[in-house]
Amino acid sequence: MKAVKTLVVFMGVLLVLGLALLGYGMYSKAGRVVKPSAPAVATASAVSPVAAPAVVPVVVGSFGAVGLGQPEGSRIAASHLNGPVLVLTVVEGGLPDRVILLDTAAGGAILGQVSVQGSPAAAASAPVPVVPVAK
């Protein structure tokens, strides 16, 4: 039992000494200002040739003025070019928000229009379903 106590005391002393040395090292390094080293310069022999990634150019043709056929008060809220397709988010103008797709390679031809509520004329003429309520 005496050997275990001696071992515990010895390990405690080592722990305290280790913490003291760690604290001294941190204290002595804290006041020092580290000067930045010179930037490394690569020599020709150290540089290995790396193939550049293939860049595929996207040709966007000039198509001048294009009418979108949107009502007065409509505005383009966002635009994004996805390859040759220009994606326009159009809001307001008395219609629900919609997305218009233009083909820039084909002279600005309108590829289509996406709306959450569909066509405003079709929504106005569609009959309203009557759902009976159970009593």
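**Exercise 1. In the hairpin of β2 and β3, which residue takes a positive phi near 80 degrees?**

Before solving this, note that the model is predicted, so local features need pLDDT of at least 70, side-chain atom pairs count only at pLDDT 80 or more, and totals for chains, interfaces and linings use all residues. Residues are numbered from 1 along each chain as its sequence is written, and side-chain values use heavy atoms, with hydrogens and water left out.

*Step 1.* Find the strands, which are DSSP runs of E with at least two residues, numbered from the N terminus. Strand β2 covers residues 85-92, and β3 covers 98-103.

*Step 2.* Look at the link: this hairpin has five residues between the strands.

*Step 3.* Gly93 is the residue with the positive phi near 80 degrees.

**Exercise 2. Work out how β2 pairs with β1 and with β3.**

*Step 1.* Recall the rule: two strands pair if DSSP finds at least two bridges between them.

*Step 2.* Start with β1 (residues 74-82). Eight bridges join β1 to β2, and the two run antiparallel. Along this pairing, Thr89 in β2 sits opposite Ala78. The hairpin here has two residues between the strands, and Gly83 takes a positive phi near 70 degrees.

*Step 3.* Turn to β3. Six bridges hold β2 and β3 together, again in the antiparallel sense. Leu88 has Ile100 in β3 as its bridge partner.

**Exercise 3. Find the salt bridge and describe where its two residues lie.**

*Step 1.* Search for a side-chain nitrogen of Lys or Arg within 4 Å of a carboxyl oxygen of Asp or Glu, which defines a salt bridge. The structure has one.

*Step 2.* Its partners are Arg75 and Glu92, at 3.4 Å from N to O. Arg75 belongs to β1 and Glu92 to β2, 17 residues apart in the chain.

*Step 3.* Check the surroundings, where buried means under 20% relative accessible area, exposed over 50%, and partly exposed in between (1.4 Å probe, protein chains only). Glu92 has 42% relative accessibility, so Glu92 is partly exposed. Arg75 also comes out at 42%, so Arg75 is partly exposed.

**Exercise 4. List the largest nonpolar core and say which strand gives the most to it.**

*Step 1.* Use the definition: buried Ala, Val, Leu, Ile, Met, Phe, Trp, Tyr and Cys residues joined through side-chain atoms within 4.5 Å.

*Step 2.* The largest such set has five residues: Leu86, Leu88, Val90, Ile100 and Leu102.

*Step 3.* β2 gives the most, with three residues. Nicely done!

Technical notes
Helix = DSSP H or I, 4+ residues; strand = E, 2+ residues; numbered from the N terminus.
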